[in-house]
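Reader: I'd like to go through the surface and the empty spaces of this one with you. Can we take it feature by feature?

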Amino acid sequence: MLITIGGQRYSGVFTAAENESGKKVMSFTAVGNNNQTIWGAKNTAFAGSERSSTADYTDKNAELVMNKDSVGEPSASLKLSGTDLLSGVPYYITNVNSGLAIDLPNGKLANGTNIQQWEVNKLWAQQWKLISVDDEWCRIVSAGDEAKCIAVAEDSAADAVNVELQTYTGAANQLFKIIKSGTSYGIVSKCSDGKGALDVFEWSKENGGNINQYAYHEYECQLWNITPVHPAIPHGEYTIRNVNSGLYIGMNEYGGLIQTAKPQKWIVCGNAESDRWIGIDTHGITPFIPVNVAVVDNSSENGADIAYMTIDKEGSDLFKIICNKDGSYSILTNASDYKSCFDVYEMSKEPGANICQWEFWGGDGQKFVIEPVNSDSDLGDVNADGEVNIADIVELQNYLLGKTNYLIDWKLADMNKDGKLNGYDDILLRRLIFNK
């Protein structure tokens, strides 16, 4: 819940609980960043039912990826600057003083576009991804073009320097640290060595109020509420990272799902007609072998294995991806009638730990950050081992000569992107490897 009293915002929860007479009633409790709390309770008995633990927060009017060609380097760290905020998740960023959101005027994406505040409208021009570049600093990129980021206009620690949109290069004036302050956050710049913060000029509460850099004092005009957008996931290529361990979904040599330290690319295929997803494939759908991620034997039991396999039972490869309150996702299985989900066994934080099916209860071992992958980032890595070398030439050559009819992802070998594999792709791959 969120309530504003006399300009002061309080955030908290609604809950059904017993009052002093032992009667179950609807109540709320909330806290403001002024360290004061408020609460209230109804007199009438609670007659409703508890919300399902599998509540889906997905906003189908928003999409995780709007411009796949602009996707940059993925998150370095799972969480931002040591806070509980998840890297790679799209957020709305609203000012504590004004209640207005960081906004691109009229959705302009040109370099030098001024960053302003505007009333919350939940359009893409107010959606920002905070992506860690290391354990301390992050870039803040626009949902409309992830190659464009919020930046201090000059590489300076000075007060009143303007804040604008720039093409991301990794410069210090484009990197920020998130600092928790009560229930809100300060956002300080690397070019100021963490001393200057995003600040609404002259404490403005008006639409169009300018955002600049000013020495950080935790003033309310320098504090921000950062809340997830909860976008839907379009068809595309992604990494899937566990919130508890920070490790990625990968495969063992037998096709079973495990945790891996190295990111593994997956293709998520969505069905626009319903909430069901037609599969989660590693590396792409091959033209010869119909394999998908599926629940083994289409079992509904806790602990049932999930593997990359030839589909032998209808529905075993159907999933529904729901968005959790914190902006992470959980993957529910059709085999369990969507009552169970992908689960890291025993909340392990070790590489190689098994990922199986388990009844959904909302723990971090069942939550994942799903980040898009630039499809060109591993072009030429035919055997998908993370390197482009002579082994990839051999793999492609064996395929073209008919010695094998299977590639992990044939698109990685389509060097000229014409939708087919032939000797020309082999030539281009050799030129790439031998720097010709």
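Reader: Which residues make the nonpolar surface patch of about 430 Å²?

Author: This is a predicted model, where local features need pLDDT of at least 70, side-chain atom pairs count only at pLDDT 80 or more, and totals for chains, interfaces and linings use all residues. Residues are numbered from 1 along each chain as its sequence is written, and side-chain values use heavy atoms, with hydrogens and water left out. Patch members need over 30% relative accessible area (Shrake-Rupley, 1.4 Å probe, only the protein chains shown as cover) and no salt bridge (Lys or Arg side-chain nitrogen within 4 Å of an Asp or Glu carboxyl oxygen), with like charges joined within 9 Å and nonpolar side chains (Val, Leu, Ile, Met, Phe, Trp, Tyr) within 5 Å. Here the patch is made by Tyr 345, Met 347, Trp 358 and Trp 361.

Reader: Where does Tyr 345 lie?

Author: Strands are DSSP runs of E, at least two residues, numbered from the N terminus. Tyr 345 sits in the loop between strand 28 (340-344) and strand 29 (355-359).

Reader: Is Tyr 345 buried, partly exposed or exposed?

Author: Buried means under 20% relative accessible area, exposed over 50%, and partly exposed in between. At 41%, Tyr 345 is therefore partly exposed.

Reader: What volume does the largest cavity have?

Author: On a 1 Å grid over the protein atoms alone, a cavity is a set of points where a 1.4 Å probe fits but cannot get out, while a pocket is an open set with protein on both sides within 12 Å along at least five of seven lines. Points join across faces, edges and corners, and volume is the space filled by probe spheres set on them. The whole structure has three cavities of 30 Å³ or more. The largest holds about 60 Å³.

Reader: Which strands each supply at least two residues of its lining?

Author: Lining residues have an atom within 4 Å of a point. Those of the largest cavity include Lys 129, Ile 131, Glu 371 and Pro 372. The strands are strand 9 (128-132) and strand 30 (368-372).

Reader: Which strand gives the most to the lining of the largest pocket?

Author: That pocket has a volume of about 1600 Å³. Of its 43 lining residues, the closest to its centre are Met 1, Gly 12, Thr 227, Pro 228 and Lys 325. With eight residues, the top contributor is strand 2.

Reader: And what is the volume of the second largest pocket?

Author: Its lining has 30 residues, with Lys 262, Pro 263, Gln 264, Lys 265 and Asp 378 nearest the centre. The volume is about 680 Å³.

Technical notes: Helices (H or I, at least four residues) and strands (E, at least two) are DSSP runs, numbered from the N terminus. Buried means under 20% relative accessible area, exposed over 50%, partly exposed in between (1.4 Å probe, protein chains only).
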